[in-house]
Amino acid sequence: MFGRLAESNAMAQIMYGLALRHGWGIPPDPPLAINYLSRAASNSAAVESAALSSGMKRGGAAKGELVLAIYELANSFRHGWGVDKDPVAARSYYETAANLGDTDAMNEVARCYEEGFGGKKNR
């Protein structure tokens, strides 16, 4: 179902990407999952940009989808799901999601700093 909706809906792109990444009900295809998660982030960012350009003070029309897509891309880079492991990219994506208010990403950023994952250790 998410595969059919994923052509135009950011949340469906995220859910389909996660299903592809983990093989939930379909054969796993982690590289294709990255494609759908990236599209979800891009589409959500475009919606947010348009909302801000139209005069909305804080956006919000697709912020949840944007943050979730960025967080899941971070997880992919951290664990090497569909891409080569890249601690620097993972940390950067976690920081972006954390700066947008995602509390799970805030915890991951703290863990990155504590362990020195993707950058300098900082307790």
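**Stop 1: helices 2 and 3**

Select helix 2 and helix 3 and look at how they cross: the crossing is left-handed. This is a predicted model, so keep that in mind at every stop. Helix 2 covers residues 10-22, and it packs against helix 3 at an angle of about 160°. The two axes are 8 Å apart. Which word fits the pair, parallel or antiparallel? Helix 2 is roughly antiparallel to helix 3, because angles over 145 degrees count that way.

Now show the side chains at this contact. From helix 2, pick Ala10, Gln13, Ile14, Tyr16, Gly17, Leu20 and Arg21. From helix 3, pick Pro30, Leu32, Ala33, Tyr36, Leu37, Arg39, Ala40, Asn43 and Ser44. Colour them by class. The contact of helix 2 with helix 3 has 10 nonpolar, four polar and two charged residues.

**Stop 2: alanine 40**

Stay on helix 3 and select alanine 40, which is found in this helix. Is alanine 40 buried or exposed? Its relative accessible area is 0%, so alanine 40 is buried; the cut-off for buried is under 20%.

What does alanine 40 touch, once neighbours within four places in sequence are left aside? Show Ala10, Gln13, Ile14 and Ala69. Ala10, Gln13 and Ile14 also belong to the helix 2 side of the contact at Stop 1.

Next, draw a distance from alanine 40 to isoleucine 70. These residues are 30 apart along the chain. Their C-alpha atoms are separated by 8.8 Å.

**Stop 3: helices 3 and 4**

Keep helix 3, residues 30-53, on screen. Add helix 4, residues 63-79. The axes of helix 3 and helix 4 come within 8 Å and cross at roughly 150°. Helix 3 is therefore roughly antiparallel to helix 4. This crossing is left-handed.

Which residues meet here? On helix 3, select Ile34, Leu37, Ser38, Ala40, Ala41, Ser44, Ala45 and Glu48. On helix 4, select Lys63, Glu65, Leu66, Ala69, Glu72, Leu73 and Ser76. Sorted by class, the contact of helix 3 with helix 4 has eight nonpolar, three polar and four charged residues. Look for Ala40 again in this set. Alanine 40 was on the helix 3 side at Stop 1 as well.

**Stop 4: arginine 78**

Move along helix 4 to arginine 78. Its relative accessibility is 14%, so arginine 78 counts as buried.

Show what surrounds arginine 78. Leaving aside neighbours within four places in sequence, arginine 78 is in contact with Lys85, Ala90, Tyr94, Glu108, Arg111, Cys112, Glu115 and Phe117. Keep Tyr94, Glu108 and Cys112 highlighted. They come back at the next stop, where helix 5 and helix 6 meet.

**Stop 5: helices 5 and 6**

Select helix 5, residues 87-99, and helix 6, residues 103-115. They pack at an angle of about 140°, with their axes 8 Å apart. What does that angle make the pair? Helix 5 is oblique to helix 6, because the angle is not over 145, the cut-off for roughly antiparallel. The crossing of helix 5 and helix 6 is left-handed.

Show Arg91, Tyr94, Glu95, Ala97 and Ala98 on helix 5. They meet Ala105, Met106, Glu108, Val109, Cys112 and Tyr113 on helix 6. By class, this contact has eight nonpolar, no polar and three charged residues.

**Stop 6: alanine 98**

Zoom in on alanine 98, in helix 5. With a relative accessibility of 13%, alanine 98 counts as buried. Beyond residues up to four places away in sequence, alanine 98 touches Ala105, Met106 and Val109. These three lie on the helix 6 side of the Stop 5 contact.

Draw one more distance, from alanine 98 to tyrosine 71. The two are 27 residues apart in sequence and 8.5 Å apart in space, C-alpha to C-alpha.

**Last stop: the whole chain**

Zoom out. How many helices and strands are there? The protein chain has six helices and zero strands. From the N terminus on, the order is α-α-α-α-α-α.

Turn the C-alpha trace around. Along its principal axes it spans about 45 × 40 × 20 Å. A compact globule with 123 residues would have a radius of gyration near 14 Å, and the protein chain has 15 Å, which agrees.

Finally, colour by burial. Of the 123 residues, 37% count as buried. Among contacts with a separation of 6 or more, residues 24 or more positions apart account for 43%.

Notes
Residues are numbered from 1 along each chain as its sequence is written. This is a predicted model: local features need pLDDT of at least 70, side-chain atom pairs count only at pLDDT 80 or more; totals for chains, interfaces and linings use all residues. Side-chain values use heavy atoms; hydrogens and water are left out. Helices (H or I, at least four residues) and strands (E, at least two) are DSSP runs, numbered from the N terminus. Buried means under 20% relative accessible area, exposed over 50%, partly exposed in between (1.4 Å probe, protein chains only). Contact means heavy atoms within 4.5 Å. Axes are lines fitted to C-alpha atoms, for helices over the stretch in contact, and angles run from 0 to 180 degrees between N-to-C directions. Angles under 35 degrees count as roughly parallel, over 145 as roughly antiparallel, 65 to 115 as roughly perpendicular and the rest as oblique. A crossing is left-handed if the near helix is turned anticlockwise from the far one by less than a right angle, and right-handed if clockwise. Ala, Val, Leu, Ile, Met, Phe, Trp, Tyr, Cys and Pro count as nonpolar, Asp, Glu, Lys and Arg as charged, and the others, Gly among them, as polar. The radius of gyration is taken over C-alpha atoms; the globule rule is 2.2 Å times the number of residues to the power 0.38.
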